[in-house]
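Visitor: I should like to request a close look at a single part of this protein. Please take one helix and what follows directly after it, and describe them in a connected way.

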Amino acid sequence: MKTLITGWNIMRIFRLLAGIVIIIAAIVQRDLMTGFLGIFLAGSALAGIGCCGASGCSMPANRSKTNK
């Protein structure tokens, strides 16, 4: 539930809006495959996952080594 509320950025909003528009277009055109695409886009935006999953593409934190 926390994922639905936090972490919204411009691409996540864009995916949600694109998914909603595609779902509406699928209903108007009565096209099942387009509907699946819209559900996928809107669902991934709501779940907070992208192509790589939740933070799957994030880079590890930089760790500096100290020389003794």
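Guide: A residue counts as exposed when its relative accessible area is over 50%, as buried when that area is under 20%, and as partly exposed in between. With these cut-offs, Arg30 counts as exposed because its relative accessibility is 78%. The model is a predicted one, and Arg30 lies in its loop between H2 and H3. The backbone of Arg30 takes a positive phi of about 55 degrees just after H2, although Arg30 is not a glycine.

The helix that leads to this residue is H2, which deserves the closer reading. The protein chain has three helices and zero strands, in the pattern α-α-α along the sequence. Within the chain, confidence is highest in H2, at a mean of 93, and lowest in helix H1 (residues 2–5), at a mean of 68. For the whole protein chain the mean pLDDT is 80, with 68% of the residues at 70 or more. Where pLDDT is low, the predicted coordinates should not be read in detail.

The length of H2 can be checked by a short calculation. H2 comprises 20 residues (residues 10–29), and at 1.5 Å a residue it should span 28 Å; the C-alpha atoms at its ends are 28 Å apart, so the two values agree.

The two sides of H2 may now be considered in turn. Arg12, Leu16, Gly19, Ile22 and Ala26 are the buried residues of H2. They cover an arc of only 130 degrees around the axis, and therefore lie on the same side of H2. On the other side, Ile10, Phe14, Leu17, Val21, Val28 and Gln29 are exposed. As for the protein chain in general, 16% of its 68 residues count as buried.

Leu17 and Val28 also belong to a nonpolar patch on the surface, together with Trp8, Ile13, Ile20, Ile24 and Leu46. The accessible area of these residues together is about 630 Å². H2 gives the most to this patch, with five residues. Another member, Leu46, is placed in helix H3 (residues 32–47). Leu46 is partly exposed, because its relative accessible area is 37%, whereas Arg30, in the loop between H2 and H3, counts as exposed at 78%.

In summary, H2 has buried residues on one side and exposed residues on the other, and Arg30 follows just after H2 with its positive phi.

Note on methods:
Residues are numbered from 1 along each chain as its sequence is written. This is a predicted model: local features need pLDDT of at least 70, side-chain atom pairs count only at pLDDT 80 or more; totals for chains, interfaces and linings use all residues. Side-chain values use heavy atoms; hydrogens and water are left out. Helices (H or I, at least four residues) and strands (E, at least two) are DSSP runs, numbered from the N terminus. The expected span of a helix is 1.5 Å times one less than its number of residues. Buried means under 20% relative accessible area, exposed over 50%, partly exposed in between (1.4 Å probe, protein chains only). The arc is that of the directions from the helix axis to the C-beta atoms. pLDDT is the predictor's confidence in each residue, from 0 to 100. Patches are made of residues with over 30% relative accessible area and no salt bridge: like charges are joined within 9 Å, nonpolar side chains (Val, Leu, Ile, Met, Phe, Trp, Tyr) within 5 Å. Accessible areas come from the Shrake-Rupley method with a 1.4 Å probe; for residues, only the protein chains shown count as cover. A salt bridge is a side-chain nitrogen of Lys or Arg within 4 Å of a carboxyl oxygen of Asp or Glu.
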